[in-house]
Amino acid sequence: MNIVFCGTPDFSVPPLAGLVAAGHHIQAVFTQPDKPKGRGQQVQKTPVKIEAEKHGIPVHQPANLKDPETIELLQQLNPDLMVVVAYGLIIPQNILDIPRHGCWNIHASLLPKWRGAAPIHRAILAGDETTGVAIMHMEAGLDTGPVYHMYPTDIRPDDTGQSLHDRLSHMGAEAIISCVAELESGQLPEAQTQDHDQATYAHKLKKTESRIDWNLPAIEIERQIRAFNPWPGTQAVIQGETFKLWHAHVVSSTSTADPGTLVEASKKRLVVQCGEAQLSILDLQKAGKKRMPVGAFMAAKQDWYTV
């Protein structure tokens, strides 16, 4: 199977590596242009570009897919299939029409739920019990195309944005290999139209969402901490100081204290009153300092002790 692969971040790497390992001919990889990152603002290759170069696959990095040269290149490649995974650029209809079997997208949700840019984080934030991977036949709309297969997985109580990201990435690799094999053998079922009335949208994450509002129920704050781990993280004010919270769990007890009040502080416990129930903080980080387990942190905060 001659395949053109489009992807950019870490999430896209296992599907690319899996297709190569399965023996498919990846004619070309399209990935976003390299960008400066980090404190030194050094230009860094995208994760997909790094993986493609390991296998000697030609890499193309157009700023968009509308220029005539890119369209002509894809027409000359004349691929059997285009696989798109977290590419980050809009693919116009005239390109969607080029591959013999169309363009397939690996999407990290059970469509039509959580269409859009941040399905993994939004599923955790919403308290969903399940999510998964969908293999979708792309069309011009945002994640609106018909779906060949969906592969569910439970969202575990301790799942973070990172752990769920990694699991779904590897599930996506297995899913695309399976679907391509079905296509080759003539056993691929007809793609099923999504129920558009049931669609929900996973809007892109913003740093402004990182601040914790202690007026919210503890269970919502705990989900926020997990969903935004590692990015954009969560910022909370405790005793007038700002911290990044990495790990916490809900305490069912409550008090008459105002939300945001420190209700218990000891050698091993740091508990804050929320709008509903309480939150026991297990790992936190002061700006410019290292992440610390609560026990190590509280050893230097004896003036906070309530017991």
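Several elements feed the lining of the largest pocket in this predicted model: β3 (35-37), β6 (81-85), β7 (103-107), α5 (119-125) and α6 each put in at least two residues. Helix α6 is worth following from there, since it also packs against α1.

**The pocket**
- The largest pocket comes out at a volume of about 1,800 Å³.
- Its lining runs to 49 residues, and those nearest the centre are P9, A86, Y87, G88 and A117.
- Sorted by class, that lining of the largest pocket breaks down into 25 nonpolar, 15 polar and nine charged residues.

**Helix α6 on its own**
- How far apart should the ends of α6 (residues 161-185) be? At 1.5 Å a residue, its 25 residues should span 36 Å, and the end C-alpha atoms are indeed 36 Å apart, so the expected span and the model agree.
- Right after α6 comes G186, with a positive phi near 80°.

**α6 against α1**
- Two packed helices are described by the angle between their axes and the distance between the axes.
- For α1 (residues 13-21) and α6, the angle is about 35° and the axes are 7 Å apart.
- This crossing of α1 and α6 is right-handed.
- On the α1 side, P14, P15, G18 and L19 make the contact, while α6 brings S169, H170, G172, A173, I176, I177 and V180.
- By class, the contact between α1 and α6 counts seven nonpolar and four polar residues, with no charged ones.

Methods. Residues are numbered from 1 along each chain as its sequence is written. This is a predicted model: local features need pLDDT of at least 70, side-chain atom pairs count only at pLDDT 80 or more; totals for chains, interfaces and linings use all residues. Side-chain values use heavy atoms; hydrogens and water are left out. Helices (H or I, at least four residues) and strands (E, at least two) are DSSP runs, numbered from the N terminus. The expected span of a helix is 1.5 Å times one less than its number of residues. On a 1 Å grid over the protein atoms alone, a cavity is a set of points where a 1.4 Å probe fits but cannot get out, and a pocket is an open set with protein on both sides within 12 Å along at least five of seven lines; lining residues have an atom within 4 Å of a point. Grid points are joined across faces, edges and corners, and a volume is the space filled by probe spheres set on the points. Ala, Val, Leu, Ile, Met, Phe, Trp, Tyr, Cys and Pro count as nonpolar, Asp, Glu, Lys and Arg as charged, and the others, Gly among them, as polar. Axes are lines fitted to C-alpha atoms, for helices over the stretch in contact, and angles run from 0 to 180 degrees between N-to-C directions. A crossing is left-handed if the near helix is turned anticlockwise from the far one by less than a right angle, and right-handed if clockwise. Contact means heavy atoms within 4.5 Å.
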